[in-house]
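Please open the model in your viewer and keep the selection panel at hand. The stops below can be followed one after another.

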Amino acid sequence: MAKLELSHVGYVYNPGTEFSSVALEDVSVSFEEHAVTGIIGHTGSGKSTLLQLLNGLLKPTTGQVLLDGQDIHETVKAKLAREMEKAEAEGLRISKRQKKKEIRTELDELRKTLCFRVGLVMQYPEYQLFEETVRKDIAFGPKNMGLSEEEINARIAKVAGIVGLTERHLNKSPFDLSGGQKRRAAIAGVLAMEPEVLVLDEPAAGLDPSGRTSIFQSILEYRKETNATVLIVSHSMEDMAAYCDRVLVMNRGRVFMQGSCRDVFEQSGELEKTGLDVPQVTHLIDLLRSSGIDLPQGIFTVDDAVSAIASRLREGGCS
Amino acid sequence: MSETPLLRVENLKFKYQNTGGKGSDREVLHGLSFTVERGEYVAMLGHNGSGKSTLAKLCMMILDPTEGHIFVDGVDIADPELTDAQVLAVRKKVGMVFQNPDNQMVATMAEEEVAFGPENLGIPSAEIRQRVDEALKAVGMSEYAKKEPSRLSGGQKQRIAIAGILAMHPDCIFFDESTSMLDPQGRKDVMEIIDRLNREDGVTIIHITHDMNEAARAKRVMVLHEGNFVMDGTPEEVFAQPEKLDACRLTVPQCTQVMYRLKALGFEIGDRVTTPEDCAEAIRSLLGSGEVRHG
């Protein structure tokens with residue numbers, strides 16, 4: 001079973017009014033545990049709407065969002081009817097009242113914990129830092145989860161390690177940190193809730209190359225430690241190629257393509273038609289291929305490009 | 001000297017005053033000196049906190065230098081005795097496009113947004129009309145003249161912001177990470193406009209960016225590190241030094257990396273290549289020569 005699944009999801013803003021606009025149409029996609037999926041698409045392709053559906057900030061107009069197989073918006077009544085039907089089919093006799101009580105508790109719990117289980121890091125999350133010290137800011141989420149002080153401190157120490165903040169940083173005001181440090185502090189605040197699904201909207205936007213690298217390394221480290229499902233929205237195809245296992249391409253509110261980086265970047269022509277790019281090395285390989293040089297398709301990292309070109313050059317007697 | 005440089009900076013120092021009480025003032029620029037000639041296309045690189053945006057704000061008179069001089073077309077903008085007329089003249093010459101277009105939108109209609117600058121310069125209304133139309137046309141946004149800026153995409157908003165600067169007919173435009181919030185299509189549109197303004201209209205461009213592929217399109221790349229310029233040259237010269245860039249927490253375009261690594265593997269290939277087209281050409285010609293030797 002997929003960790004998180006969207007099943008025939010549609011979303012309409014302002015339905016039934018003259019401003020009504022369709023943001024998503026029949027989106028079906030699933031995200032596995034431990035996988036890092038990159039989501040790409042031009043402005044207005046539906047990426048942001050999609051992200052907000054995942055932790056219940058928005059409710060789909062049609063279709064379902066399933067976390068561990070459970071529709072996050074299912075009503076007690078609907079679930080009870082489903083369970084009773086299932087029990088009947090299996091020939092089991094169960095108390096409807098008792099079952100209803102169980103389901104209510106279960107769904108209440110789901111709704112209460114949803115925003116901790118699916119952690120959303122918004123664009124420019126450092127704008128949301130507000131506490132007196134970085135430590136207090138990171139503690140905000142875990143505190144709201146009702147964790148003990150001991151547990152909160154343990155989590156702060158752990159996430160500070162993951163994002164590379166030291167004890168000295170933790171005691172500072174978030175406003176005394178550099179841009180890159182602020183970003184890492186804000187991400188740490190979400191990681192401290194230990195979400196099973198981590199969703200990040202442009203986590204590296206506006207950072208210098210070394211800042212970008214350290215953000216992505218922190219994300220991968222968190223994934224390694226917790227086995228979390230990770231979703232990253234980015235406009236940088238080079239970052240997608242470097243850090244993601246899978247890529248989901250959105251276009252005009254629909255899923256345009258999905259697959260491994262190779263599957264997706266192989267179709268550079270199709271991507272360009274929707275206003276998207278491919279990594280620069282993929283473009284280079286395309287140029288060489290189109291002038292008749294025999295190179296494999298679907299190369300998207302510098303390492304692969306260098307070894308493919310080098311072996312072609314050796315065959316050509318250039319070394 | 002034949003012509004006054006458009007921008008001449010001498011021993012420029014800047015300290016952010018610590019207002020919190022604890023700690024000391026933080027000096028971010030340690031005595032910069034450089035000139036930018038009329039019509040140049042400069043990409044300015046540097047890690048977060050290296051002082052790039054501070055420098056742009058100083059040249060825009062948003063901040064005042066702690067020490068040193070900035071001459072815009074020969075006028076020292078750090079001179080406290082500057083008259084209002086002189087200040088206005090400088091403001092007409094240098095424009096700036098910020099990272100987030102939402103931060104510089106004030107009007108409720110795209111064309112009013114574009115007219116805001118020239119209106120403040122006291123330009124007669126018939127001429128404003130003409131300038132607005134020209135500026136919108138230059139960024140390909142004429143059909144959006146009556147639209148509300150908030151209903152446009154990021155790339156379209158940024159094009160409106162650029163039109164607002166163009167309508168003031170500046171000699172020089174600073175772009176402060178103006179593409180970093182845009183999607184690939186938006187970036188492409190804005191980069192094409194920047195290139196064209198320099199190539200066809202001779203506008204001096206100073207483009208602050210973290211994107212090495214964008215920097216490679218400039219004619220000159222300057223690298224700011226810890227408040228000093230540590231590299232200054234053509235993109236080919238600067239990107240030929242990946243180790244030095246790495247020490248400045250920067251990188252080189254992917255194609256330059258490919259060339260550099262091929263060279264390290266012993267292939268006789270130049271490393272002064274920054275675009276996919278040039279890189280493909282270099283590999284093609286190497287293959288061609290190899291096949292000749294082979295045969």
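Begin by selecting B:Gly122, just after helix H3 of chain B, where the residue takes a positive phi of about 75 degrees; helices (H or I, at least four residues) and strands (E, at least two) are DSSP runs, numbered from the N terminus. Before going further, note that this is a predicted model, in which local features need pLDDT of at least 70 and side-chain atom pairs count only at pLDDT 80 or more, while totals for chains, interfaces and linings use all residues. Residues are numbered from 1 along each chain as its sequence is written, and chains are lettered from A and ligands numbered from 1 in the order in which they are written.

Next, select residues 110-120 of chain B, which form H3; among its buried residues are B:Ala110, B:Val114 and B:Pro118. A residue is buried if 20 or more other C-beta atoms lie within 10 Å of its own, exposed if 12 or fewer, and partly exposed in between, with C-beta atoms placed from the backbone. Add helix H4 (125-138) and helix H5 (154-166) of chain B, which are included in what covers the buried residues of H3(B).

Now turn to the sheet of chain B, an open one of six strands in the order S6-S7-S8-S3-S9-S10, with mixed pairing; two strands pair if DSSP finds at least two bridges between them. Strand S6 (94-97) and strand S10 (228-233) of chain B each have a single partner strand, so one side of each is left without a neighbour in the sheet. From one strand to the next, the twist averages 20 degrees.

Within this sheet, select S3 (residues 41-45) and S9 (residues 220-225) of chain B, which run parallel and are joined by four bridges; B:Val42 has B:Arg220 in S9(B) as its bridge partner. Helix H1 (residues 52-59) of chain B packs on the sheet, and its direction makes about 150 degrees with that of S7(B). Axes are lines fitted to C-alpha atoms, for helices over the stretch in contact, and angles run from 0 to 180 degrees between N-to-C directions.

Where is B:Thr234 placed? Select the loop between S10 and helix H8 (235-239) of chain B to find B:Thr234, which counts as partly exposed because it has 15 C-beta neighbours inside 10 Å. Not counting residues up to four places away in sequence, B:Thr234 touches B:Lys219 and B:Arg220, contact being C-beta atoms, placed from the backbone, that lie within 7 Å.

How values were computed: Two residues are in contact if their C-beta atoms, placed from the backbone, lie within 7 Å.
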